[in-house]
Amino acid sequence: MTHIEALELGELPEHLIVLGGGYVGLEIAQAFRCFGSRVTVIERNIALIHREDSDVSKAMQQLFRDEGIEVLTGMTVEQVDGQSGTSVRMRTTRGNIEGTHVLVAGGRTPNTDAIGLEKTGVEVDARGHVKVNERLETTAIGIWAAGDCAGSPYFTHIGEDDFRIVLANLFGGNRTTTGRQVPFCLFTDPELARIGLNEQEAAEHGIRYRLGIAGDERLNFAEMRIGLMIAKIVELLPGGHICWVIRFRKDFVDHAQQQTVVDSHRAD
């Protein structure tokens, strides 16, 4: 099943196996664990939310294990037998796993084939996203595209912003997606959010930055737990522009003044 069927379930899975350790998989995995299901998350990469910094990923993984969620990373599923909702058996690169329900959360693909776009002059890219410019105009005059199908980041708030851009341009404006900052939001409990470059990305681009931890500066990010407010701040140097902020605690605002810079030697 996908996240759509998971949200329409009329029964509580005895053992839910989640294929994918990204945003959708983690949100639903934790929700069903809170309802009382046994939950196993299988991720083919070596870490959950693997595009985040390693300390952030480790903190999320430890949170899940503390809540009783089985986390299996670096594992690939080779074969699935049975039917979700009754009984399923998976053969993986590290042995067999059995459960009652399977959630497939390994990503999404655009649903743009077989709808006749070729008859309109609207072109798509190699992945199936509708080709658009910075104003969200397609390759066909008078046709616009917004949201996931246009290759925008797969977030509801970005789809809404795309709508605002198209609406403004339809009425004579000149709004674009150029330079748009994208908030990444993971609705686990506690929630995780970030915006801009993370620490790894800044280092890969050779950008000098300063790293700050808000909360208890005696602990590194991965050692912090739900009982503490956690915030990680990456500040670009020399201009002092904060390019990346991560939050991993519901009461962030209440403790924001505790911010302490603990490391300034990265990516010289």
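These are my notebook entries on a predicted model, starting with the whole protein and moving on to a pocket and a few backbone oddities.

**Entry 1: the whole protein**

I began by counting elements, and the protein has six helices and 13 strands. I then looked at burial: of the 268 residues, 41% are buried. For the surface, I noted that about 14700 Å² is exposed, with carbon and sulfur atoms supplying 51% of it. I also checked how far contacts reach along the chain. Of the contacts between residues at least 6 apart in sequence, 52% join residues at least 24 apart.

**Entry 2: how far to trust it**

Next I looked up confidence. The average pLDDT is 83, and 79% of the residues score at least 70. Which elements sit at the two ends of the scale? Strand β1 has the highest mean pLDDT, 98, and strand β13 (residues 259-263) has the lowest, 34.

Two stretches made me careful. Over residues 216-229 the pLDDT stays under 50, though the model has 33 contacts for them beyond four places in sequence. Residues 249-268 are also below 50, and that stretch has 41 contacts in the model beyond near neighbours in sequence. Note to self: where pLDDT is low, the predicted coordinates should not be read in detail.

**Entry 3: the largest pocket**

I went looking for open space and found that the largest pocket has a volume of about 1700 Å³. It is lined by 44 residues, and the closest to its centre are Gly 22, Tyr 23, Gly 107, Arg 108 and Tyr 154. Which elements give two or more residues to this lining? I wrote down helices α1 (3-7), α2 (23-35) and α4 (156-170), along with strands β2 (38-43), β7 (101-104) and β8 (183-186). Helix α2 gives the most, with four residues. I sorted the lining by type too: 19 residues are nonpolar, 15 are polar and ten are charged.

**Entry 4: Gly 22**

I picked Gly 22 from the residues closest to the pocket centre. Gly 22 is found in the loop between β1 (15-19) and α2. Is Gly 22 buried, partly exposed or exposed? It counts as partly exposed because its relative accessible area is 26%, and the partly exposed range runs from 20% to 50%.

I then looked for its partners. Leaving aside neighbours within four places in sequence, Gly 22 is in contact with Glu 43 and Ile 49. I also took the distance to Gly 107: the two glycines are 85 residues apart in sequence, and their C-alpha atoms are 8.1 Å apart in space.

**Entry 5: backbone oddities**

A reminder before this part: most residues other than glycine have a negative phi, and most peptide bonds are trans.

Ile 49, already noted as a contact of Gly 22, has a positive phi of about 30° although it is not a glycine. Ile 49 is in the loop between β2 and α3 (54-66). Its relative accessible area is 5%, so I put it down as buried.

Ala 114 is not a glycine either, and its phi is positive, at about 65°. Ala 114 belongs to the loop between β7 and α4. Its relative accessibility is 80%, so Ala 114 counts as exposed.

Where is the cis peptide bond I noted? It joins Asp 189 and Pro 190, with an omega of about 5°. Pro 190 lies in the loop between β8 and β9 (192-195).

How values were computed:
Residues are numbered from 1 along each chain as its sequence is written. This is a predicted model: local features need pLDDT of at least 70, side-chain atom pairs count only at pLDDT 80 or more; totals for chains, interfaces and linings use all residues. Side-chain values use heavy atoms; hydrogens and water are left out. On a 1 Å grid over the protein atoms alone, a cavity is a set of points where a 1.4 Å probe fits but cannot get out, and a pocket is an open set with protein on both sides within 12 Å along at least five of seven lines; lining residues have an atom within 4 Å of a point. Grid points are joined across faces, edges and corners, and a volume is the space filled by probe spheres set on the points. Ala, Val, Leu, Ile, Met, Phe, Trp, Tyr, Cys and Pro count as nonpolar, Asp, Glu, Lys and Arg as charged, and the others, Gly among them, as polar. Buried means under 20% relative accessible area, exposed over 50%, partly exposed in between (1.4 Å probe, protein chains only). Contact means heavy atoms within 4.5 Å. pLDDT is the predictor's confidence in each residue, from 0 to 100. Accessible areas come from the Shrake-Rupley method with a 1.4 Å probe; for residues, only the protein chains shown count as cover.
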